[in-house]
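Trainee: I should like to discuss the enclosed spaces in a protein model and the criteria behind the terms.
Mentor: Let us look at the model together.

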Amino acid sequence: MDNIILKTDNLCKRYGNISALDNINISLQKGHIYGFIGENGAGKSTLMKVLTGLCFPTSGTMTILGESNKKGHERVRSQMGSMIETPSLHLEYTVYENVNVQRILSKNPDKKACDNALSLVGLSDVRNIKTRKLSMGMKQRLSLAMALISKPQILILDEPINGLDPKNIAQFRQTVKKLNEENGMTFFISSHILSELYLLATDYIIIHKGKILKCITHEELEKQCRKCLRIKMDDVPKGVVLLEKGLGTKDFKVAADNTVYLFSHLNDVESVAKVLSDNHILITELSLSEDSLENYFFSVIGGKA
């Protein structure tokens, strides 16, 4: 339990007859990077607001940094950084002034923390520029710097790479990995850019219509998304026996639609086809395939890309 930094138990949030969060149970471990995935309206921002104290749950409990009551939450939330929805910035203040205001609000006495945070997100060169003159991407980075000013143990980020160009997205990814590896910081990040979450996250949590459908590690996901030969044939029971005996492999799985996914012999498609066709198996599809986080997400929620 010492390694659990945040935990929820049957957390619910209702707005009248609408259930935005339905019995949410998640456990976030220290030092992990969680990718939080869901469609618009699935409940991602609502859960993040509940966790950060921007709104309150209708029922259920949560434990944050070992504290499980309201007063305890208020005390430890100084160790939680967040960026929910759009950045909240003083546009007429300079970049440095925005960070410094946040430092004062978070009761951090170290003035050097401002320069350190700006350096981490690559904004040192524009520290004296008015915030209204920044691009959307730079405002996102400034908001991240403000979230870092209290040296949080956990950082909750809602769509942090919105408006960023590919270069800034790569820089953001490097910053998160650096903070995670060097400081052991835990991240809970939502994004619609699933390809980026795949490069960044150690774990994934999928939410759909207010319910958590899946929690999976990156290693487990990679097993699900391995390269394989996708085979459709007219006689699956006979075909899999031939794969075992003729090719000497059991490294395959049969899906519910009777598609066979073969994870070996990827560079020897001809041998696979020959073993099956020589034994009068009609092959209707034989292709090299690699699943993605996006496809996995749609398979979990029961939809199609």
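**Cavities and their linings**

Trainee: What makes the lining of the largest cavity seven nonpolar, four polar and one charged?
Mentor: The division follows from the classes: Ala, Val, Leu, Ile, Met, Phe, Trp, Tyr, Cys and Pro count as nonpolar, Asp, Glu, Lys and Arg as charged, and the others, Gly among them, as polar. The lining consists of M83, L120, V121, Q140, R141, L144, P160, L164, N168, Q171, F172 and T175. R141 belongs to this lining, and Arg counts as charged.

Trainee: Why is a space called a cavity, and how many are found?
Mentor: On a 1 Å grid over the protein atoms alone, a cavity is a set of points where a 1.4 Å probe fits but cannot get out, and lining residues have an atom within 4 Å of a point. Two cavities of 30 Å³ or more are found in the whole structure. The model is predicted; local features need pLDDT of at least 70 and side-chain atom pairs 80 or more, whereas totals for chains, interfaces and linings use all residues. Residues are numbered from 1 along each chain as its sequence is written, and side-chain values use heavy atoms, without hydrogens and water.

Trainee: What volume does the largest cavity have?
Mentor: About 80 Å³, a volume being the space filled by probe spheres set on the points, which are joined across faces, edges and corners.

Trainee: Which helix supplies the largest share of its lining?
Mentor: Helix 6 does, with four residues; a helix is a DSSP run (H or I, at least four residues), numbered from the N terminus.

Note on methods:
1 Å grid on protein atoms, 1.4 Å probe; cavity = no way out; pocket = protein on both sides within 12 Å on 5 of 7 lines; lining within 4 Å. Helix = DSSP H or I, 4+ residues; strand = E, 2+ residues; numbered from the N terminus.
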